[in-house]
Amino acid sequence: MPTAQLYLLRHGETEWSKSGRHTGRTDIPLTPDGRRRAAQVAPLLTAVTFGLVLCSPLSRARDTAELAGLTPDGFDDELLEWDYGVYEGRTTTDIRAERNDPDWVIWDDPIPQGERPDDVGVRASAVLARVRPVIEGGRNVMLVAHGHFLRMLTATYLGLPPVDGRMFALDAGGVSVLGHERTQPVITGWNISPDGLAD
């Protein structure tokens with residue numbers, strides 16, 4: 001049974017995440033608060049040794065990693081956020097009004113010109129296959145990426161369909177930890193904010 005763990009760090013707040021706009025491949029910078037929260041993570045990770053740190057290539061993830069005191073070993077396109085297609089930069093409220101559907105959520109319908117959850121799951125599976133030997137070798141891994149991607153990666157890790165990532169809320173700047181209970185993949189810590197980690 002692996003004793004090492006898989007750490008997840010969602011990038012800090014951006015203007016789009018703050019306002020609820022779907023932010024996939026658009027390269028939006030961190031807000032001052034997003035930068036502050038990312039920096040608060042740094043002292044909380046000093047006790048953890050990582051055998052591998054991978055990061056999304058987008059600046060909001062790269063800056064979060066740097067501010068959190070992490071030095072990525074690589075920038076991996078597989079860690080990019082869900083491609084929201086025509087919904088990029090738009091809020092759920094706006095899309096619901098356009099569709100005349102007050103119950104619409106991004107998880108339920110195919111996204112025109114974007115990815116399906118199963119497409120994201122394929123990318124998540126590739127990342128998990130890449131990090132598995134490191135974890136099985138007893139070394140922790142950190143992934144610095146995006147909210148919906150990390151939620152679907154978590155579902156995939158747990159053996160659930162990627163769309164079940166809808167059940168795992170993940171705040172900007174939040175840290176989560178995936179591990180094992182005996183041989184069962186489990187969540188050992190979820191959506192831990194810098195304030196929560198400091199308690």
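Reader: Is Glu115 buried or exposed?

Author: The model is predicted, and the values that follow are computed from it. The general idea is a cut-off: a residue counts as buried under 20% relative accessible area. Glu115 has 12% relative accessibility, so it counts as buried.

Reader: With which residues does Glu115 form salt bridges?

Author: Such a pair is read from a side-chain nitrogen of Lys or Arg within 4 Å of a carboxyl oxygen of Asp or Glu. Glu115 pairs with Arg123, where the closest N and O atoms are 2.9 Å apart. Glu115 also meets Arg25 in a salt bridge, at 3.3 Å from N to O. Arg25, Glu115 and Arg123 are thus linked in a network of salt bridges.

Reader: Where in the chain do Arg25 and Glu115 sit?

Author: Arg25 is in the loop between α1 (15–19) and α2, and Glu115 is in the loop between α4 (92–99) and α5 (117–136). The two are 90 residues apart, and their pair links distant parts of the chain.

Reader: How accessible are Arg25 and Arg123?

Author: Arg123 is at 10% relative accessibility and therefore counts as buried. Arg25 has a relative accessible area of 34%, so it is partly exposed.

Reader: How many salt bridges does the structure hold?

Author: The structure holds nine. One of them joins the side chains of Asp119 and Arg116, at 2.9 Å from N to O. Asp119 is partly exposed, with a relative accessible area of 25%. Arg116 is partly exposed too, at 43%.

Reader: What describes two packed helices?

Author: Two packed helices are described by the angle between their axes and the distance between the axes. Here the case is helix α2 (residues 32–41) with helix α3 (residues 59–67): their axes come within 7 Å and cross at roughly 45 degrees. That crossing makes α2 oblique to α3.

Reader: Which residues make the contact of α2 and α3?

Author: From α2 they are Arg35, Ala38 and Ala39, and from α3 they are Asp63, Thr64 and Leu67. By class, the contact divides into three nonpolar residues, one polar and two charged.

Reader: Which residues have the most contacts inside the largest nonpolar core?

Author: The general idea is a set of buried nonpolar residues joined through side-chain atoms within 4.5 Å. The largest such core has 31 residues, and those with the most contacts inside it are Leu6, Val131, Leu143, Phe149 and Leu153. Two or more residues each come from β1 (6–10), β2 (50–55), α5, β4 (140–145) and α6 (147–157). Of these elements, α5 gives the most, with seven residues.

Reader: What is Leu6 in contact with, leaving aside its neighbours within four places in sequence?

Author: With that exclusion, Leu6 is in contact with Leu128, Val131, Ile135, Val141, Leu143, Leu153, Tyr157, Ser176, Val177 and Leu178. Apart from the largest core lies another, of 16 residues, and Val177 is among its members, as are Phe50, Cys55 and Val175.

Reader: Where is the place of Asp73?

Author: Asp73 is in the loop between α3 and β3 (74–75). Its relative accessible area is 51%, so Asp73 is exposed. Not counting residues up to four places away in sequence, Asp73 touches Gly51, Leu52 and Val53.

Reader: What separates the C-alpha atoms of Asp73 and Glu98?

Author: The two C-alpha atoms are separated by 43 Å, while Asp73 and Glu98 are 25 residues apart along the chain.

Technical notes:
Residues numbered from 1 in each chain as written. Predicted model: local features only at pLDDT ≥ 70, side-chain atom pairs only at ≥ 80, totals over all residues. Heavy atoms only, no water. Axes fitted to C-alpha atoms, helices over the stretch in contact; angles between N-to-C directions. Helix = DSSP H or I, 4+ residues; strand = E, 2+ residues; numbered from the N terminus. Parallel < 35°, antiparallel > 145°, perpendicular 65-115°, else oblique. Contact = heavy atoms within 4.5 Å. Nonpolar A, V, L, I, M, F, W, Y, C, P; charged D, E, K, R; others polar. Buried < 20%, exposed > 50% of the residue type's maximum accessible area, 1.4 Å probe, protein only.
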